[in-house]
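Me: Got a minute to walk through a model with me? I'll throw short questions at you as they come up.

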Amino acid sequence: MGTAAAAAAAAGEGARSPSPAAVSLGLGVAVVSSLVNGSTFVLQKKGIVRAKRRGTSYLTDIVWWAGTIAMAVGQIGNFLAYTAVPTVLVTPLGALGVPFGSILASYLLKEKLNILGKLGCLLSCAGSVVLIIHSPKSESVTTQAELEEKLTNPVFVGYLCIVLLMLLLLIFWIAPAHGPTNIMVYISICSLLGSFTVPSTKGIGLAAQDIFHNNPSSQRSLCLCLVLLAVLGCSIIVQFRYINKALECFDSSVFGAIYYVVFTTLVLLASAILFREWSNVGLVDFLGMACGFTTVSVGIVLIQVFKEFNFNLGEMNKSNMKTD
């Protein structure tokens with residue numbers, strides 16, 4: 001019995017540390033998904049603009065549908081990445097979609113991208129590399145039993161109740177009055193929903209493992225999977241609605257940049273409460289991830305806040321020549 005228990009424990013420990021190949025594959029999928037997601041807001045915004053010019057609904061525009069399909073592909077990619085590597089590694093990599101979306105918007109939507117914006121793109125990519133290097137490479141939840149225990153944790157349940165109350169307040173009272181004039185209203189709704197979508201995605205992956213392996217608890221896993229699928233579906237539908245509302249009223253690059261920062265912060269908070277992946281991160285790696293996230297955030301600010309500045313290297317050289 002002791003030998004069997006030791007073997008089971010060793011197997012469990014092995015499951016907590018994915019192979020380097022699995023981590024590399026998860027990272028690759030996460031990077032590609034980030035780039036695809038970075039194009040979605042731009043394509044959908046382009047479709048909305050084209051539809052407005054024709055005086056028709058954006059639902060009839062092929063470019064808008066291309067953006068919508070890209071969003072679906074990106075979400076599927078995220079789902080696969082979440083099942084392979086920790087959440088705290090996948091979510092911050094969404095930063096790569098911000099510079100890609102900004103560059104794409106400068107061509108398709110003629111939005112400005114000056115030298116500071118290009119520097120911001122570089123910083124966002126550099127910060128993402130730092131996040132990859134210092135993020136945890138092991139899972140804190142690897143079985144359905146662990147998942148169920150954490151989902152019923154009073155702290156996590158309390159957090160979800162607070163999020164749900166905030167969503168109801170935003171959707172039914174604040175959004176109708178201030179949504180079209182304040183970008184943070186729609187961003188807050190979409191970001192708060194991330195507290196449901198990302199944990200649900202991760203949970204579906206864990207429950208599906210038991211279902212397909214025909215474990216004794218497969219029936220229970222199926223019920224859990226269906227509940228999480230319902231939560232995920234509702235969250236995605238509401239997010240989809242308010243993302244398009246935001247794109248009708250605001251600049252796609254500004255929305256994408258602010259959305260990334262707020263969404264990532266709230267998802268990391270929800271994941272920290274539920275999965276506790278941060279417990280496997282040492283002080284050096286924690287500081288490294290903090291610096292990486294700060295670098296990414298600064299890069300995003302440079303891309304967006306200073307986008308209206310007519311600043312380029314040519315004017316800077318002329319200014320230096322006048323001073324001399």
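Me: First one: of the contacts with a separation of 6 or more, what share comes from residues 24 or more positions apart?

Reply: That share is 82%. Keep in mind that this is a predicted model.

Me: Noted. How many helices and how many strands are there in the chain?

Reply: The chain has 13 helices and zero strands. Read from the N terminus, the elements are α the whole way along.

Me: And what percentage of the residues count as buried?

Reply: The chain has 324 residues, and 45% of them count as buried.

Me: Which residues does UniProt annotate as "transmembrane region"?

Reply: The UniProt entry, which is unreviewed, puts that annotation on residues 24-43, 63-82, 88-109, 116-136, 156-176, 221-242, 254-274 and 286-306.

Me: Take 156-176 and 254-274. How much helix is in each span, and how far apart are the end C-alpha atoms?

Reply: Residues 156-176 are 100% helix, with the end C-alpha atoms 29 Å apart. Residues 254-274 are also 100% helix, and there the end C-alpha atoms lie 30 Å apart.

Me: Switching to the inside. Which residues have the most contacts within the largest nonpolar core?

Reply: Those are Phe41, Leu167, Ile189, Ile243, Phe255 and Tyr259, in a core of 39 residues. Helices 2, 3, 8 (154-178), 9 (183-212), 10 (218-249) and 11 (252-274) each put at least two residues into this core.

Me: Which helix gives the largest share?

Reply: Helix 9 does, with ten residues. There is also a second, separate core of eleven residues, and among its members are Phe156, Leu206, Leu224 and Phe275.

Me: Back to Tyr259. What does it touch, leaving out residues up to four places away in sequence?

Reply: Tyr259 touches Phe41, Ile187, Cys190, Ser191, Gln239, Ile243 and Thr264. Phe41 and Ile243 are also on the list of residues with the most contacts inside the largest core.

Me: Cys190 is on that list. Is Cys190 buried or exposed?

Reply: Cys190 counts as buried because its relative accessible area is 0%, under the 20% cut-off. Cys249 has a relative accessible area of 37% and so counts as partly exposed.

Me: How many disulfides turn up in the whole structure?

Reply: Zero.

Me: OK, charges. How many salt bridges are there?

Reply: Two turn up in a search of the whole structure. One pairs Arg50 with Asp61, and the closest N and O atoms are 2.9 Å apart. Arg50 sits in helix 2 and Asp61 in the loop between helix 2 and helix 3 (62-84), eleven residues apart.

Me: What about the other one?

Reply: That one joins Asp61 to Arg54, with the closest N and O atoms 3.1 Å apart. Arg50, Arg54 and Asp61 are therefore linked in a network of salt bridges, a salt bridge here being a Lys or Arg side-chain nitrogen within 4 Å of an Asp or Glu carboxyl oxygen.

Me: Which of those three are buried and which are partly exposed?

Reply: Asp61 is buried, at 0% relative accessible area. Arg50 is partly exposed at 30%, and Arg54 is partly exposed at 44%.

Me: While we're on helix 2 (residues 20-54), what does Thr40 contact, beyond its neighbours within four places in sequence?

Reply: Thr40 is in contact with Gly67, Ala70 and Met71. Thr40 itself is buried, with a relative accessible area of 2%.

Me: Now helix 5. What should its span be, and what is it in the model?

Reply: Helix 5 runs over residues 97-108, and at 1.5 Å a residue its twelve residues should span 16 Å. The end C-alpha atoms are 16 Å apart, so that agrees.

Me: Which helix 5 residues are buried, and what follows the helix?

Reply: Gly97, Val98, Pro99, Gly101, Ser102 and Ala105 are buried in helix 5. Lys110 follows the helix, and its phi is positive, near 60°.

Me: Last one. Where is Ser271, and how far is its C-alpha atom from that of Pro199?

Reply: Ser271 is in helix 11, and it counts as buried at 0% relative accessibility. The C-alpha atoms of Ser271 and Pro199 are separated by 6.8 Å, although the two residues are 72 residues apart along the chain.

Note on methods
Residues are numbered from 1 along each chain as its sequence is written. This is a predicted model: local features need pLDDT of at least 70, side-chain atom pairs count only at pLDDT 80 or more; totals for chains, interfaces and linings use all residues. Side-chain values use heavy atoms; hydrogens and water are left out. Buried means under 20% relative accessible area, exposed over 50%, partly exposed in between (1.4 Å probe, protein chains only). Contact means heavy atoms within 4.5 Å. A disulfide is a pair of cysteine sulfur atoms within 2.5 Å. UniProt positions are given in the numbering used here, feature names are shortened, and annotations may be inferred rather than shown by experiment. The expected span of a helix is 1.5 Å times one less than its number of residues. A nonpolar core is a set of buried Ala, Val, Leu, Ile, Met, Phe, Trp, Tyr and Cys residues joined through side-chain atoms within 4.5 Å.
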